[in-house]
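Okay, thanks everyone, I'll keep this short. Let me put the structure up, and then we'll go from the overall numbers down to a couple of residues.

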Amino acid sequence: MALNARLDHRNPLVFDTHELGRRPGALQRLSRTIDAPKDLGIQGVIGVPEGAPVELDLRLESVMEGVLVTGTARALAKGECVRCLEPLELELEAEFQEMFSYPDADDRGRPKAEPADDAEDDEDTLFLEDGLFDLEVVLRDAVVLALPMQPVCQDDCPGLCSECGARLADDPDHRHDAVDIRWAALQGLAGSLEDGEKDELGGAEAGVDEKQEK
C-alpha cells in the first residue's frame with residue numbers, strides 16, 4: 001500500500017525501530033499490553049471486546065529491505081455459539097509475521113521490478129515512516145485468521161430443538177412425538193367420520209324416541 005499517513009508514536013499499536021537500527025541481523029524483542037481497538041475480530045460472530053487487554057510479544061529483525069516483525073497476540077475473545085446461541089469465551093492466540101519496508105529500500109540494494117509489477121507490489125507493501133510502524137492492520141488480519149468462523153461452546157454441542165427452541169444440552173432426553181404427515185390427513189378424515197357417525201346415531205335415536213311418544 002502507499003506510504004502510511006503520519007504515524008502517532010502515542011498510539012499503542014505504533015512501534016519505534018530507532019533503537020533497533022538498520023544494521024542487518026540486529027534483533028530486538030518487545031512486549032506490550034494494549035487495549036483492544038474497536039471491531040477486533042469477525043463482525044457479528046466473535047471478537048475481542050473493545051478495550052479488553054491484548055498481550056503482544058514481538059521480535060524485530062533488521063534486514064536489508066526493512067524490519068521483519070514476528071509476533072504473537074493473546075487475548076480473550078467473546079462471541080455466541082452458532083448452535084445453541086449461548087455466550088462463549090475463547091482464549092485467542094494469533095501469530096503473525098510481516099515485513100515493514102524502508103521507503104528507500106530500492107536505493108539500498110533491492111532489485112527493482114518492472115514498473116507494472118512494482119505498482120502491484122506497492123499495494124501489498126507496508127512501509128516504515130520515520131522509523132515507526134503501525135501494527136494494527138497486521139494484528140486485525142492475524143486475529144481474524146485465528147478465530148473460528150463458526151464458534152461453538154463445545155465440540156459436541158447438540159444445539160436447539162427445531163420444534164420449540166429448547167437448548168438440548170440442558171435436557172438430553174428432550175423430544176417431541178413425531179406425527180407422520182402421510183397419516184395426518186387420514187387421522188383427520190377418521191375423526192370426521194366418527195363425528196358423522198355420532199350425528200347419524202343421535203338422529204336415529206331421536207327418531208325412535210319420537211315414534212315411541214306417538
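The protein exposes about 14,400 Å², and carbon and sulfur atoms supply 49% of that. Bear in mind that this is a predicted model. Of the 214 residues in the protein, 29% are buried.

As for what it's built from, there are 3 helices and 9 strands. Reading from the N terminus, the order is β-β-β-β-β-β-β-α-β-β-α-α. And if you take contacts between residues at least 6 apart in sequence, 65% of them join residues at least 24 apart.

Now let's go to β5, residues 53-62. Which of its residues sit on the covered face? Those are V54, L56, L58, L60 and S62, while P53, E55, D57, R59 and E61 make up the uncovered face.

β5 has partners in β2 and β6, so to speak, and here's how they go. β2 and β5 run antiparallel, joined by 9 bridges. One pair you can look for there is S31, whose bridge partner in β5 is D57. Then β5 and β6, which is residues 66-80, are also antiparallel, with 8 bridges. The link between β5 and β6 is a hairpin through 3 residues, and S62 stands opposite V67 in β6.

Next, R32, which you'll find in strand β2, residues 27-35. R32 counts as partly exposed because its relative accessibility is 30%, and the window for that label runs from 20% to 50%. Leaving out residues up to four places away in sequence, R32 touches N11, P12, L13, V14, F15, V54, E55 and L56. Take L56 from that list: it's 24 residues away from R32 in sequence, yet the two C-alphas are 5.2 Å apart. And with P12 there's a polar pair, where the backbone oxygen of P12 lies 2.7 Å from a polar atom of the R32 side chain.

Last residue: T17. Where is T17? It's in the loop between β1, residues 14-16, and β2. Is T17 buried or exposed? T17 has a relative accessibility of 7%, so it counts as buried, the cut-off being under 20%. Again skipping residues up to four places away in sequence, T17 touches L60, V67, L128, G131 and F133. You've met two of those already: L60 is on the covered face of β5, and V67 is the β6 residue opposite S62.

That's what I wanted to show, so let's go over to questions.

Technical notes: Residues numbered from 1 in each chain as written. Predicted model: local features only at pLDDT ≥ 70, side-chain atom pairs only at ≥ 80, totals over all residues. Heavy atoms only, no water. Helix = DSSP H or I, 4+ residues; strand = E, 2+ residues; numbered from the N terminus. Buried < 20%, exposed > 50% of the residue type's maximum accessible area, 1.4 Å probe, protein only. Contact = heavy atoms within 4.5 Å. Polar contact = N/O pair within 3.5 Å; in protein donor to acceptor, adjacent residues only side chain to side chain. Pairing = 2+ DSSP bridges. Areas by Shrake-Rupley, 256 points an atom, 1.4 Å probe, with all protein chains shown as cover.
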